[in-house]
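Subject: Structure handover

Hi,

Here is the structure I promised to pass on. Please open it next to this email; my notes follow below.

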Amino acid sequence: MSPDKSFERPPLPPDFDDSRARERRSDPAGWRFDENERAGVWRAIAERRDIRRFRTDPLPEQLLQRLLEAAHQAPSVGLMQPWRFILIRSEQTKAAMQALAARERLVQADHFDGRARQYLDLKIEGIREAPLSICVCCDRDSGGPEVLGRHTIPDTDLYSTCLAIENLWLAARAEGVGVGWVSFYQPADLSSLLGLPEHVVPVAWLCLGYPDERPSRPGLEAAGWERRRRLDEFIFSERWGDLLSKPNPQTVVRSPNSEHVEQPDWWRRLAAEVSPGDPDAAVRVRDASDELVKPIGSLGGLETMIERWAMATGGPPPREPHAGILVFAGDHGVSKRGVSLYPARVGAQVAAAAARGETAIGVLAEALDAELIVADIGLAGARISALTDRRVADGTADITSGPALSPEQLRGAIESGHALADGLAKRCDLIVLGEIGIGNTTVAAALLAALTGLTADAVCGRGTGLDAQGLERKRSTVKAALEANTPDRSDPLECLRRLGGLELAALVGALLAAAAARRSRLLDRGAPLRRTRAQPCAHRTRARAATRPAPAPRRRQRRRARVPAHRPCSPTPHRDAPL
Ligand SMILES: Cc1cc2nc3c(=O)[nH]c(=O)nc-3n(C[C@H](O)[C@H](O)[C@H](O)COP(=O)(O)O)c2cc1C
């Protein structure tokens, strides 16, 4: 080498740092991307959104692979790479996850009190529509017993997993792929659904697909739920400063019993007839409404309802839907505990009046030219000729001292409800379901407490108008029923046998039959006797009369306040019917 020629460093192999100290000193920011590339990154960060509405078109495999690569390039403590990805395309698994999310959504409604209705109107997931879900898990054992940097902060593996998720999220945004993070579930339930071992934590359920919305700001901000705060409210200098904003209320998480439950064959046969809904049909309906000259979503809950109709049946509602109304009447052994203002025999009288068309449902059936069947599924006492006789037993046993039903009675009631609805489904587009029976709000409250983990106090209301003492009696009755039956919510069918009424079991069968026949279902939820006597169930007929005014808000407000459990269960009757 000639002495007057300075050394030229040979190029390094790829993957080695090729920069020189001189360069770094003279241009400390020289590691940045060029201007256009930077703009892309900033844009991905600013315009990443949580997506809840999806097209059903599948994602190209190669693109999915790239997104997973993006996640896999995340930083991780000690380079332990604790993330694991479970790709979920099975409709069954997605449906099961959606059921977990739906339950948790109801349970959490109780925490928002004054905002429960607004909360329940928010769309919080798109599990069924999205063609792909990814459960991102953290394997807490990966990296061996001693992971560099994790010694004092064991949760750094969870932090690392979140970073993988964010990588995927940003890359997906750049590729025009929507990602929605769903956290409405009890982790133990999800672990059980996906067969996760003890040392694996489900960190996120992500819905992925092409978005069927292109939001420019967070959905919760657009819905007026929460707003983005100013950055300078979050920056302190040197020491922790006073926070100007209050933290959000914490949600209570209970640990469920999620043992695997073997269901009887007859039940599995009925359940297997129900096919998952048709998200394509829902998207087609949404596409059609997007063609209209109107602001997006301007028809509010009506648009959601029509999408749900399409999801359930495969198409939009017919112009003149023909409704069939099926009301099951049954008596409850628990009614002798003084949980209702009325004696048990009134149930049979109301059922007879309903069959004669003298109750509100009779009037509505006539006005809508709907077929009305009032079935005796388990009344006590003499049989009434006006009722369709499907009596399985003379009422249920008292749930404060043991199970309401024997296994045979449970099966009998479910199969009878199934058979009746199956017949009706052949003639109707819409199956409207209801029940009659003294004491059934107590039974429904006990069942709700068993299935959600809510307390007896939270689920009991005044029903037909109990006074304070009566309400206290009802709460103690529900507590006693829960103690006597020790229901395990991972086995809903057994919960129904131990706590439920015959009419609730028949409703379950009817719902299965209607779903199997791909008919829309409209379920009357709430205090049956009071409503049967006095309240016109406008929401029962809304599929037909969707343009009619909703029931007066004041009345609904009052009922919500009187029956706390209705808050999670009857959010906005005219908007959120379980079609
Ligand atoms: C850990 C985590 C869990 C979330 N869980 C849900 C959820 O269950 N349902 C939902 O609709 N959004 C969920 N989100 C999305 C947030 O609501 C959303 O990120 C936030 O409102 C900001 O909106 P943006 O992501 O569109 O900017 C979750 C987000 C994170 C980070």
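Start with one residue pair: I325 has L372 in β6 as its bridge partner. Keep in mind that this is a predicted model.

The strands behind that pair are β5 (residues 323-330) and β6 (residues 371-378). They run parallel and are joined by seven bridges. Both belong to an open sheet of five strands with parallel pairing. The order is β7-β6-β5-β8-β9. The edges are β7 (388-389) and β9 (520-523). Each has a single partner strand, so one side of each has no neighbour in the sheet. Helix α14 (residues 407-425) lies across β5, β6 and β8 (430-436). Its direction is at about 170° to that of β6.

Now the other sheet. This one is open too, with four strands and antiparallel pairing. Read it as β1-β2-β4-β3. Here β1 (83-88) and β3 are the edge strands, and each pairs with a single strand, so one side of each is left without a neighbour in the sheet. On average, neighbouring strands are turned by 30° against each other, direction ignored. Five bridges hold the antiparallel pair of β3 and β4 (residues 200-209). Within that pair, W181 stands opposite L206 in β4. Helix α6 (residues 156-174) packs on this sheet and touches β1, β2 (132-139), β3 and β4. The direction of α6 makes about 5° with that of β4.

Next, the ligand. Which residues are around it? They are R49, D50, R52, I124, E125, W181, V182, S183, F184, P218, G219 and L220. Two elements give two or more residues to this shell: β3 (178-182) and α8 (219-222). W181 therefore turns up twice: it is in the shell, and it is the residue opposite L206. By class, the shell holds six nonpolar, two polar and four charged residues.

Last, confidence. The protein chain averages a pLDDT of 86. A score of at least 70 is reached by 87% of the residues. Two stretches deserve a look. Over residues 526-563 the pLDDT is below 50, yet the model gives this stretch 66 contacts beyond near neighbours in sequence. Residues 568-579 also stay under 50. For those, the model has 43 contacts beyond four places in sequence.

Best wishes

Methods. Residues are numbered from 1 along each chain as its sequence is written. This is a predicted model: local features need pLDDT of at least 70, side-chain atom pairs count only at pLDDT 80 or more; totals for chains, interfaces and linings use all residues. pLDDT is the predictor's confidence in each residue, from 0 to 100. Two residues are in contact if their C-beta atoms, placed from the backbone, lie within 7 Å. A residue is near a molecule or strand if its C-beta atom, placed from the backbone, lies within 6 Å of it. Ala, Val, Leu, Ile, Met, Phe, Trp, Tyr, Cys and Pro count as nonpolar, Asp, Glu, Lys and Arg as charged, and the others, Gly among them, as polar. Two strands pair if DSSP finds at least two bridges between them. Axes are lines fitted to C-alpha atoms, for helices over the stretch in contact, and angles run from 0 to 180 degrees between N-to-C directions.
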